[in-house]
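Open the model in your viewer and keep the selection box handy. The stops below go from enclosed spaces to one helix.

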Amino acid sequence: MTDNIISVQQLTKSFGSHKALDNCSFEIKKGEIFGFLGPSGAGKTTTIKLLSGQLHSDTGQITILNDSPFSQEIKQKIGIMSDNSGLYEKMSVYDNLVLFADIYGVDHSHVERVLREVDLLDAKKMLVSKLSRGMRQRVIFARTIIHSPEILFLDEPTVGMDIQSRMRMWDMLLKIRDHFGTTIFLTTHYLEEADQLSDTICIMKDGKDVI
């Protein structure tokens, strides 16, 4: 029996004449951090959208937890953090998370637990509009893990952060992987970040997995 939690075989995806992914294949084991490294336009965000059921591939096969990424059961078991993960600016940190706890059917008692995990409990009454870039990213991350997903898809979660905020995010990701066995699919264009965090690294170039 395989311990792979994600399997991707010969995946292709084009947008008009542009081939975003070209015969891409990889496998991810349960509980590992999989670093998906490459420059802008390499196909990283497209891959996350395919794996999380936001897009259909042209050809190829994706299996997640022995199921399809379009399964409603799978959608409850994943968390997605992307650069366009908007927050409600005029609401507090706490109220933002309560809103998403309600969407996932999670008891409100989990909100303070998650805020403690991302070191934002003392800032729970602050308006999102008053937060620094690093704090906003941690709120988005807290929202991503509010329902304790088995798999996290993180699309360049530290882009634009200062070094202290980036290192704090690294610590949180390692803690979640080590303490909860969460599988993390991490896209980044920072070689140092991929090297620091990843159990396995896949390097993308022009839509192809070159390493």
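Start inside. The largest cavity has a volume of about 50 Å³. A cavity here is a set of points, on a 1 Å grid over the protein atoms alone, where a 1.4 Å probe fits but cannot get out. The volume is the space filled by probe spheres set on the points, joined across faces, edges and corners.

This is a predicted model: local features need pLDDT of at least 70, side-chain atom pairs count only at pLDDT 80 or more, and totals for chains, interfaces and linings use all residues. Residues are numbered from 1 along each chain as its sequence is written, and side-chain values use heavy atoms, without hydrogens and water.

Select E117, V118, F141, I145, M172, K175, I176 and F180. They line the largest cavity; lining residues have an atom within 4 Å of a point. Helix α6 (residues 163–180) gives the most to this lining, four residues. Helices are DSSP runs (H or I, at least four residues), numbered from the N terminus.

Next, select M81, S82, D83, Q137, I140, D155, E156 and P157. These line the second largest cavity, with a volume of about 40 Å³.

Now show helix α4, residues 109–117. V111, V114, L115 and E117 are buried (under 20% relative accessible area, 1.4 Å probe, protein chains only). Seen down the axis of α4, these buried residues fall within an arc of 155 degrees (directions from the helix axis to the C-beta atoms), so they line one face. They pack against α3 (93–104), α5 (133–144) and α6, with contact meaning heavy atoms within 4.5 Å. On the other side, S109 and R116 are exposed (over 50%).

Finish on D119, which follows α4 and has a positive phi, near 60 degrees.

How values were computed
On a 1 Å grid over the protein atoms alone, a cavity is a set of points where a 1.4 Å probe fits but cannot get out, and a pocket is an open set with protein on both sides within 12 Å along at least five of seven lines; lining residues have an atom within 4 Å of a point. Helices (H or I, at least four residues) and strands (E, at least two) are DSSP runs, numbered from the N terminus.
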